Amino acid sequence: MSSSAAAVSPRRPSASSPDMRLVLIVASLGAVLAPLNSTMIAVALPEIRHDFGLSHAAAGWLISGYLIAMAVAQPLGGRLGDQVGRTTVFRAGLIAFFVLSIGATVAPNFALLVSFRVAQAVAGAVLIPNGLAMLRALSPSDHLGRLNGVNGAVLSAAAAAGPLLGAAALYLGSWRLVFPLSMPIVLAALVLLQRLELPSERAEVRTPIDWIGIGLFVALLAGLTLQLSTLREGIDPAMTAIRWVAVAGVAMAFIARQRVTRSPAAEWTLFRKRSFAAATAWVLLTNLTMYTTLLMIPFFVRDVQGKSTQLSGLLLGAMSVLVAIVSPIGGRLSDAFGRRAPALAGAVVALAGSVALLAVMRRDTSPIVLALCLATLGIGLGLGNGPSVTAAVESAPRRMAGAASGTSSMMRYASSIIGAGLLAGVLSSSTSGNADIMTFRLVSIVVVATAALAVAAAAGIHSRVAHEFIPIDEPPPNDEPSSNASGLPELSARVVS
């Protein structure tokens, strides 16, 4: 593309283009299923554990298995959308999620329940990257930030509403009522998707799925989760060392497989682009900050301050609600001033909130002070969410939007797995079951460190892309990236720092 192309204003979609508001609604409805089902099951874990006679560790795999499947299937779902057609894959994911929700509702034993949950995660995993890819392919670049900001706000609101809906299901009588709560959302998305006339975009050459690589990836995440969750349980040191060696062996086998396969588990080549790597690092680090805080606060309020779990919900609401409110604002700012500035500002504000939370981590800290710290953290996370997600997706060629969003989103769930496992391992150090204040300060130091790294990552995000908007139904220009052996275009999308 010539240098003058960077100065060309993005062209709006033609009159025949799909209604972007309707596309945004469909993409958001599909995307909310993952965070909603990730958080609303948490409040039902005690009841599920009691009904099936499980240990705490065994019951925890209902969440860990879901997160691992989400992390592994995100890039796979994005690649399938790029190759088969995003609308087709999106519709199939919705239908599968509906059927699997019925299966989880009537599961007669815990093994089947976990199986349905993992399959549910795979179905939900194809929805997020393909929804983002549809937005990327159909919207002009000067609107993409605000659209992703709104989408991020919806995801944050869903994550915040999950525990409330789960509690409502328990109040109505059974944890089994949690799973049907997703069905109306799926049906609404299917109806609206049917009203859209979305052109398909697929690769000319399809690459096979590397099941060996996917299996190694699952084994790596499962082994890492197991090791982190039993970090301080007093397991025999020799056995601990053997398990870490096994995890390292799986990691090396996975890396070796990724180097030789034609269809790696994720589009690792995208990380050669500085802006994609920086934006994805921002997503990983800030999500690790947020998820660790979400899991830490209820235990701190109950075990250290001796207060109710209802107060914990209100405190976390101060963070989650502000993430949802500020995310669209961050997206609009990124359209006006570029991606880097709001992402960097959000990281700095999130760091300030994390430092403040560490400073007030005491037994007698008032709920108002805690709420202010968490609110500051929420503002920072919301401010940078839309810009960072947008920067990651638009750093890749348009025809690789699914793979790019899937790979970036995979990091979000990988950080959730790490945060949950690490927190479980640290909190398990207390033989009485209640961790002391120094334990929570240690966790808070980790939160501050990840927030500080997010500031550094934000500095590497690009400001604006140097290509114009091209509707999906128009043929690519002569200088559009050429296809490689996989049928996907080469990494030649240009950005302006």
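In the predicted model, Arg362 is partly exposed, with a relative accessibility of 39%. Arg362 takes part in a salt bridge with Asp364, in which the closest N and O atoms lie 3.7 Å apart. The separation falls within the 4 Å cut-off, and the pair therefore counts as a salt bridge. The partner, Asp364, is exposed, its relative accessible area being 63%; this value is over 50%, which means that the residue is classed as exposed and not as partly exposed.

In total, three salt bridges are present in the structure. Asp335, Arg339 and Glu394 are joined into one network by salt bridges that share partners. Arg339 pairs with Asp335, with 2.9 Å between the closest N and O atoms. Arg339 also pairs with Glu394, and here the closest N and O atoms are 2.8 Å apart. Glu394 belongs to helix α13 (residues 367-394), whereas Arg339 is located in the loop between α11 (309-337) and α12 (340-359); the pair therefore ties together parts that are 55 residues apart in sequence.

The members of this network are buried. Relative accessibility is 4% for Arg339, and the relative accessible area is 8% for Asp335 and 2% for Glu394. Because buried denotes a relative accessible area under 20%, Arg339 is assigned to this class, as are Asp335 and Glu394. Pairing of this kind is possible because side chains of opposite charge can pair when their charged atoms come close.

Notes: Residues numbered from 1 in each chain as written. Predicted model: local features only at pLDDT ≥ 70, side-chain atom pairs only at ≥ 80, totals over all residues. Heavy atoms only, no water. Salt bridge = Lys/Arg side-chain N within 4 Å of Asp/Glu carboxyl O. Buried < 20%, exposed > 50% of the residue type's maximum accessible area, 1.4 Å probe, protein only. Helix = DSSP H or I, 4+ residues; strand = E, 2+ residues; numbered from the N terminus.
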